[in-house]
Amino acid sequence: MSIPSRFIALVAACLLCNVAAADTAAKKADAPPKKTAVTGPGVRLYALDCGRLEFKDMGFFADTGEYDGTPGKLTASCYVIKHAKGVLVWDTGLGDKIAEMPQGLDLFGGLMHESVPVTLVAQLKEIGLAPADVTYVAFSHLHGDHAGNANLFGASTWILNSKEIAWATATPPPLGVDPALFSGYKTAKTQMIDGDLDVFGDGSVKILKAPGHTPGHAVLEVKLNKAGVVILSGDLYHVHESRTFQRVPTFNDSRADTLASMARIEKIVKNTHARFVIQHNEEDFKALPKFPAYLD
């Protein structure tokens with residue numbers, strides 16, 4: 001009995017469909033899983049005003065002379081990250097004691113002027129926190145304008161880079177460092193790190209190693225559900241022109257490490273499409289939600 005040609009064609013078509021389906025399934029099995037953004041549930045990022053810095057001469061912010069003889073102003077900003085597993089304070093700004101000085105504080109024979117319009121403690125209170133409620137305190141580095149209020153957080157776990165604390169407690173202290181400002185680490189609970197750290201263990205808040213400005217300098221990467229990735233850059237740069245032209249301050253610990261850190265962090269910014277915040281830049285600070293508003 002002969003088999004109808006239409007039946008043969010139908011069977012052949014079905015076999016081809018099965019082969020195509022099997023091939024597609026194999027390709028799907030071999031394909032790498034799709035990457036999804038890792039964000040912490042309910043993570044909030046607050047930007048706090050932790051002081052102002054004024055300079056008669058910004059020359060030492062570039063070792064190639066571009067700022068010589070130019071006056072300038074910088075913002076000292078602090079950050080609070082609220083997470084389901086706790087609260088992180090990133091940098092602590094100038095000391096609240098300066099807020100008690102109506103005229104501010106002159107340093108280096110008047111070449112530098114510091115002022116604090118509102119205390120860190122008052123700002124924490126505005127979002128329902130006291131220093132004792134802070135789970136972790138961490139620093140981009142330990143210069144006085146980033147560690148001025150460190151000792152408020154004696155009940156917190158201090159996340160410290162081991163190279164940074166060794167450098168900052170040397171005798172005599174490095175320029176711009178006052179060990180008395182962060183002496184609380186001696187009695188507080190500490191977590192020593194040498195490289196990157198996933199603070200809450202879910203990828204939403206990471207301290208990223210970026211030495212050069214100081215031996216243990218770091219930046220903070222925060223992944224938010226709505227706002228995406230935000231990089232808080234410590235003192236990787238101080239002004240926008242330094243980022244554009246990769247200018248290195250005269251007082252940085254290592255020029256080579258600084259340039260390597262710039263390259264690494266800029267690559268991360270590009271790969272994550274991050275919002276990059278120069279912590280000392282007033283324009284970047286004002287572009288963030290006005291405290292007590294926040295990014296989430």
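1. Before the numbers, the pocket convention: on a 1 Å grid over the protein atoms alone, a pocket is an open set of points with protein on both sides within 12 Å along at least five of seven lines, and lining residues have an atom within 4 Å of a point. Points are joined across faces, edges and corners, and a volume is the space filled by probe spheres set on those points. By that recipe the largest pocket comes out at about 940 Å³. Its lining counts 39 residues, and the closest to the centre are E114, H143, G144, D145 and G176.

2. Some housekeeping. This is a predicted model, where local features need pLDDT of at least 70 and side-chain atom pairs count only at pLDDT 80 or more, while totals for chains, interfaces and linings use all residues. Residues are numbered from 1 along each chain as its sequence is written, and side-chain values use heavy atoms, with hydrogens and water left out.

3. Back to the largest pocket. Its lining takes at least two residues from each of β1 (44-55), β4 (105-107), β5 (112-115) and α3 (144-147); helices (H or I, at least four residues) and strands (E, at least two) are DSSP runs, numbered from the N terminus. Sorted by class, the lining has 20 nonpolar, 12 polar and 7 charged residues. Here Ala, Val, Leu, Ile, Met, Phe, Trp, Tyr, Cys and Pro count as nonpolar, Asp, Glu, Lys and Arg as charged, and the others, Gly among them, as polar.

4. Three of those lining elements also pair up, with pairing called when DSSP finds at least two bridges between two strands. β1 and β5 run antiparallel, joined by 4 bridges, and E54 sits opposite H113 in β5. β4 and β5 are antiparallel too, over 3 bridges, with L107 facing M112 in β5. The β4-β5 connection is a hairpin with 4 residues in between, and F108 in the turn has a positive phi of about 55°.

5. The second largest pocket has a volume of about 300 Å³. Of its 14 lining residues, A47, D49, F285, K290 and F291 lie nearest the centre. β1 shows up again here, along with α2 (120-126) and α7 (282-287), as an element giving two or more residues to this lining. The class split is 6 nonpolar, 2 polar and 6 charged, so if you plan to look at charges, here is the tally.

6. Which cysteines form a disulfide? C50 and C78 do, with their sulfur atoms 2.1 Å apart, and a search of the whole structure finds 1 disulfide (cysteine sulfur atoms within 2.5 Å). The torsion about the S-S bond is about -140°, so the disulfide is left-handed. The link joins distant parts of the chain, C50 in β1 and C78 in strand β2 (residues 72-83), 28 residues apart. C50 counts as buried at 3% relative accessibility, and C78 is buried at 1%; buried means under 20% relative accessible area (1.4 Å probe, protein chains only).

7. Now the enclosed space. There are 3 cavities of 30 Å³ or more, a cavity being a set of points where a 1.4 Å probe fits but cannot get out. The largest cavity has a volume of about 100 Å³ and is lined by 13 residues, with F139, I159, L160, N161 and G216 nearest its centre. Strand β7 (residues 157-161) gives the most to that lining, 3 residues. The second largest cavity holds about 40 Å³, and its lining includes F61, Y67, H238 and R247.

8. What about β7 itself? 5 of its 5 residues are buried, so β7 is largely enclosed by the rest of the structure. T157, I159 and N161 are buried on one side, W158 and L160 on the other. β7 runs parallel to strand β6 (residues 136-138) over 3 bridges and parallel to strand β8 (residues 189-193) over 5 bridges. W158 stands opposite V137 and also opposite T190 in β8.

9. Last, an open sheet of 5 strands has the order β9-β10-β11-β12-β13 with mixed pairing. β9 (197-198) and β13 (275-277) stand at the edges with a single partner strand each, so one side of each has no neighbour in the sheet. β9 pairs antiparallel with β10 (residues 205-209) over 2 bridges, and L197 stands opposite I207 in β10.

Terms used: Buried < 20%, exposed > 50% of the residue type's maximum accessible area, 1.4 Å probe, protein only.
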